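Please open the model in your viewer and keep the selection tool at hand. The tour below suggests what to select next and tells you what is there.

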Amino acid sequence: MVKLFEPLALRGVVLKNRIVVSPMCQYSAEDGFANDWHLVHLGSRAVGGASLIIQEATAVSPEGRISPEDLGIWKDEHVPMLQRINAFIAAQGSVPGVQLAHAGRKASTYRPWSGEGMVPESDGGWPVVGPSDTAFNDNYPVPTALDAAGIQKVIADFRAAAQRALTAGFKLIELHAAHGYLLHEFLSPLSNQRTDAYGGSFENRVRLLLEVVAATREVWPEDLPLIVRLSVTDWTEGGWNADESVQLSALLKTRGVDLIDCSTGGNVPKAPIPVGPGYQVQFAERIKEETGMLTGAVGLITTPAEAETIVASGQADLVLLAREFLREPYFPLFAAQDLGVEVAWPAQYERAKPRMVSAAGQR
Ligand SMILES: Cc1cc2nc3c(=O)[nH]c(=O)nc-3n(C[C@H](O)[C@H](O)[C@H](O)COP(=O)(O)O)c2cc1C
């Protein structure tokens, strides 16, 4: 039995296989609005057979964008185009998901092909916020530490964004608490030097994420899944680490979170990360084993055989692919062929479907 193509139920949503499009910023929006690029980009991967497509980091407020060209969901006007995209994805049998995000101290930066580091206000940038007033590095803006009212606004922005996500037809929300963005910044003692109820102890550093989870769950229906992306470790002495991620995952399991998407890094410039095939899978395996939480593995998973091994051996319940999906939108269709599983191709493409080799070796 090939596990990669077994369905997975998350609350009332059934994923037809375990292959997920990992969220990927396209840096192609204007004022947060999705456009034809997003329709074709996300739509192609739905045609390609992914079970779940998690739309890129989508800002819950304008100041929470990584770059001026990020997608947003901070106003009702953003919703109609997202509805159109999601209807297309759903019509292909894929589940439309969204990653809700606030970039914190890593906001207001150039998209990769337009420059490096901070966008000055004279070039469309904006003042940024964080847990404390320390910048990510010399190229990044110095944030203003959020005060109590600012924290309440962040929570309210996530809640309102979740409500809009529902109207837009998303069926899964992923909260972005990884890669050195705001929620991760609160988790890590390297970026959080607060002395109030949101800094210091583990309980205090996880407080904002737990409050955002609670606010999201208030408006996100019981039968729809909520998942969280964590950077399981900062890969740096004195930083957020895997033990704390295990402890946090156990807590999240009791607060209505259904799966942890296990990434790493992003909060410390030049952290020594041992990058290689499947290098983060160990963290999905550990969290699953020690908490019983469902997990997703991500990071340099590029072949059907690797993906199948991860799921079949029980290291993770889902595999998320990013760059491989940019190279090959039809990865799931070809993975099925490689692994000898029969899956339907879109009717429009049926005449191009490679036929399984029969016992007689004939196609
Ligand atoms: C172009 C691009 C944009 C990305 N944008 C996001 C994002 O919006 N949110 C996120 O959590 N990760 C983002 N990532 C990270 C990917 O989701 C993924 O975790 C990482 O690329 C490792 O997976 P891979 O080896 O399959 O590419 C991005 C990666 C790429 C290549």
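Helices (H or I, at least four residues) and strands (E, at least two) are DSSP runs, numbered from the N terminus. Colour the chain by these elements, and you can look for 11 helices and 13 strands in the protein chain. This is a predicted model, in which local features need pLDDT of at least 70 and side-chain atom pairs count only at pLDDT 80 or more, while totals for chains, interfaces and linings use all residues. Residues are numbered from 1 along each chain as its sequence is written.

Next, colour by pLDDT, the predictor's confidence in each residue, from 0 to 100. The mean for the protein chain is 96, and 98% of its residues reach 70 or more. Select residues 358–363, where the pLDDT is below 50; beyond near neighbours in sequence, this stretch has two contacts in the model, a contact being two residues whose C-beta atoms, placed from the backbone, lie within 7 Å.

Now show the whole C-alpha trace, which spans about 70 × 40 × 40 Å along its principal axes. Buried residues, those with 20 or more other C-beta atoms within 10 Å of their own, make up 49% of the 363 residues.

Where do the residues that touch the most other members of the largest nonpolar core sit in the sequence? Select Leu100, Ile173, Leu183 and Val319, which hold that place among the 95 residues of this core, a set of buried Ala, Val, Leu, Ile, Met, Phe, Trp, Tyr and Cys residues joined through C-beta atoms within 7 Å. Add helix α3 (residues 148–167), which gives the most to this core, with six residues. Then centre on Val319, whose contacts, not counting residues up to four places away in sequence, include Arg18, Ile19, Val20 and Ala297.

Move on to the ligand and select the 20 residues that surround it, each with its C-beta atom, placed from the backbone, within 6 Å. The closest are Ser22, Met24, Ala57, Ala322 and Arg323. The elements that give two or more residues to this shell are β4 (52–59) and α10 (323–327).

Finally, select Ile66, in the loop between β4 and β5 (71–72). Is this residue buried or exposed? Ile66 is buried, because 23 other C-beta atoms lie within 10 Å. Among the residues that Ile66 touches are Cys25, Ala57 and Lys106; the C-alpha atoms of Ile66 and Lys106 are separated by 6.3 Å, although the two residues are 40 residues apart along the chain.

Methods:
A residue is buried if 20 or more other C-beta atoms lie within 10 Å of its own, exposed if 12 or fewer, and partly exposed in between; C-beta atoms are placed from the backbone.
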